Amino acid sequence: MSALPTRDGLAAAGSANALELRGVSRLFGALAALSDITLSVRPGERRAVLGSNGAGKTTLFNCITGDFAPSSGVIRFFGEDVTAFPPQERIRRGLRRTYQISSLFTGLSVIDNVYLACRGVSRNRFSLRRPRRDDTLSHAAQSLVDAVHLTAVKDRLVGELAYGQQRQLEIALALSGAPRFILFDEPAAGLSPTERRDLVHILTSLPAHIGYIIIEHDMDVALRVVESVTMMHNGRIFKEGPPAEIESDPEVQELYLGGAHG
Amino acid sequence: MAIADPRPVIDVPRPRESLSELLARQGTGFWVVVVLLLVMPALANPFWLVQIVAYAMILGMIALSLMFLGGYGGIVSLVQMTVAAFAAYLVAILGDSAITQISMKWPWWMAVPVAVVLATAFGTLSGALSVRTEGIYTIMITLAIASAFYYLCLQNYTIFNGFSGFNGVLPPVFLGVNWGESIPFYYLALVCTALSYWAVVYCARAPFGLALQGTRDNPRRMAALGFDVVAHRIAAYAFASVIAAFAGVLLVWYQRQVSPGTAGIGPVVDILIIAVVGGLSRPIGPFVGALVYVVLRTFSLDLLTAAGLDGRRYQLVIGAGFLAIVLFSPDGLVGIWQRLRERHRRSREAKAAEMRIGGGEP
């Protein structure tokens with residue numbers, strides 16, 4: 001069954017990094033959105049990717065998930081070379097992502113959105129049999145809806161939800177199935193202070209084996225939920241280190257923090 | 001164009017239910033139509049029974065296959081009529097017809113399954129060719145396939161018998177019934193229609209249908225959830241082609257002949273018109289559209305002559321009707337019906353609310 005990691009993939013997973021990029025570049029015409037990115041993230045590690053607009057953060061995510069193929073370089077996921085894999089094959093191996101601009105099925109209800117996400121990483125994606133209410137996947141969908149505090153609106157159409165609720169649903173979709181590594185693309189963008197606190201709570205209470213990379217402009221959120229930080233600038237990795245070090249780095253302050261406030 | 005963004009009413013996966021619940025869930029309107037269709041032979045003469053209602057059901061099935069692709073998958077395929085015509089040709093070629101030098105005279109129970117399987121394979125293949133494109137490009141590719149098939153039929157004499165096609169294709173006689181007679185043929189068409197309607201309604205609520213609606217709303221996200229969008233779309237073509245192929249078998253038995261005209265660009269576009277006029281948002285839409293189309297086509301000649309106009313201009317009436325419906329209701333006749341019902345419901349609720357307020361005052 002192609003949806004499951006191969007034996008090699010599993011064997012390698014014991015020692016390998018959750019995510020490993022070697023010399024990944026992505027050109028858009030003459031513009032190098034990413035140049036020569038080399039990055040390793042351990043299983044369970046939580047990392048922030050920071051950088052100004054146009055630094056290549058979302059392009060990095062798109063290359064990792066396979067939305068775009070990188071122009072050159074190798075991407076390994078738990079030791080397995082996934083560079084040539086289509087997105088769905090990477091997702092079935094435990095990679096998940098959320099989108100900067102909510103990318104949901106607005107014509108479907110909340111529970112159906114989550115149900116689809118659970119179905120996408122299970123078998124029988126082509127099933128013609130209707131689910132029963134006590135079906136395992138329906139159960140999984142229900143508990144995910146509960147986990148992101150959307151129980152009260154589970155039968156509403158997603159198009160009718162408030163913005164913050166849609167962001168929470170984005171996260172629920174990324175948690176479906178058995179995620180091993182998640183990419184969060186600006187999950188706090190547009191959220192109220194209360195919703196940001198909820199978000200931090202959701203992120204910090206994820207099971208320890210689930211690692212993630214988070215792109216986030218809000219330092220209060222980003223630096224509280226990660227153990228390491230990668231700074232990007234003009235498509236290159238500019239600096240890596242623990243949050244405290246990055247925060248106090250004068251170059252970083254000038255380039256990013258200073259620039260953002262100036 | 002109005003067909004660019006069809007948003008059907010979404011069907012939620014439901015738990016299985018008992019028969020009585022099922023009876024209650026469908027509105028009274030549904031059961032009135034069922035009973036009416038069942039007793040139709042007692043009410044209507046053979047002309048109405050076969051030339052109007054059965055013919056509308058056959059065209060409706062072909063349009064239903066387009067509605068499934070368009071409404072749930074966001075795929076506008078012009079190849080559905082071609083799939084039906086291919087199945088019709090195969091029944092004539094493999095089975096019996098007046099063109100004895102080509103027809104292979106297989107019994108119907110061999111010819112029909114083979115015709116359906118081959119036509120389905122043809123439809124699936126067309127889907128596989130066009131499925132990586134979107135919107136207008138899908139229309140162009142499927143139109144190209146449809147025209148290629150039309151010209152193949154027109155110019156090939158060894159298999160498709162060129163311009164004249166095949167005549168004398170008779171419906172079979174089995175179980176002691178001649179299925180070419182009005183009443184048996186009507187019931188045959190009714191059973192096929194009911195089965196295909198049920199199949200579409202059922203499939204739309206099954207995980208496969210739900211995923212198909214997901215690929216319509218947001219294909220990129222579907223891939224990011226682990227779905228193979230291309231495979232889902234090709235599977236949708238296969239499902240739709242089965243329905244179109246069965247309709248093609250009925251069509252050749254109804255017409256008792258098949259010729260390149262059956263697969264021409266006119267009929268291909270007519271199916272699109274039927275589906276859009278009826279409404280792409282619900283499986284019942286194509287049948288409503290087909291009934292209106294057949295009635296207009298049959299009677300506009302008399303209507304125009306009565307109005308002192310040239311009867312041959314019946315296409316004008318159909319065209320004007322199409323324009324009016326697309327202008328005033330992008331989701332077709334079914335959309336108009338739904339809006340009327342919604343308005344009625346709202347005014348009733350408003351009235352009830354008024355009564356409550358009125359009742360609250362001393």
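In this predicted model, contacts within chain B lean on distant parts of the sequence: of those between residues at least 6 apart, 75% join residues at least 24 apart. The chain's secondary structure adds up to 14 helices and four strands. As for overall dimensions, a compact globule of 362 residues would have a radius of gyration near 21 Å, and the 22 Å found for chain B agrees with that. Laid along its principal axes, the C-alpha trace of chain B covers about 90 × 55 × 45 Å. Half the story is inside: 50% of the 362 residues count as buried. On the outside, chain B exposes about 17000 Å², with carbon and sulfur atoms supplying 69% of that area.

One helix pair is worth a look. Helix α8 (residues 207-217) and helix α10 (residues 229-255), both of chain B, have axes that come within 10 Å and cross at roughly 120°. The crossing of α8(B) and α10(B) is left-handed. On the α8(B) side, Phe208(B), Ala211(B), Leu212(B) and Thr215(B) make the contact, and they meet Val229(B), His232(B), Arg233(B), Ala235(B) and Ala236(B) of α10(B). Sorted by class, this contact of α8(B) with α10(B) brings together six nonpolar residues, two polar ones and one charged one.

Further along chain B, Val269(B) sits in helix α11, which runs over residues 265-278. Val269(B) has a relative accessible area of 31%, so this valine is partly exposed, falling between the 20% limit for buried and the 50% limit for exposed. Val200(B) lies 69 residues away from Val269(B) along the chain, and the C-alpha atoms of the two are separated by 22 Å.

Technical notes:
Residues are numbered from 1 along each chain as its sequence is written. Chains are lettered from A and ligands numbered from 1 in the order in which they are written. This is a predicted model: local features need pLDDT of at least 70, side-chain atom pairs count only at pLDDT 80 or more; totals for chains, interfaces and linings use all residues. Side-chain values use heavy atoms; hydrogens and water are left out. Helices (H or I, at least four residues) and strands (E, at least two) are DSSP runs, numbered from the N terminus. Buried means under 20% relative accessible area, exposed over 50%, partly exposed in between (1.4 Å probe, protein chains only). Axes are lines fitted to C-alpha atoms, for helices over the stretch in contact, and angles run from 0 to 180 degrees between N-to-C directions. A crossing is left-handed if the near helix is turned anticlockwise from the far one by less than a right angle, and right-handed if clockwise. Contact means heavy atoms within 4.5 Å. Ala, Val, Leu, Ile, Met, Phe, Trp, Tyr, Cys and Pro count as nonpolar, Asp, Glu, Lys and Arg as charged, and the others, Gly among them, as polar. The radius of gyration is taken over C-alpha atoms; the globule rule is 2.2 Å times the number of residues to the power 0.38. Accessible areas come from the Shrake-Rupley method with a 1.4 Å probe; for residues, only the protein chains shown count as cover.
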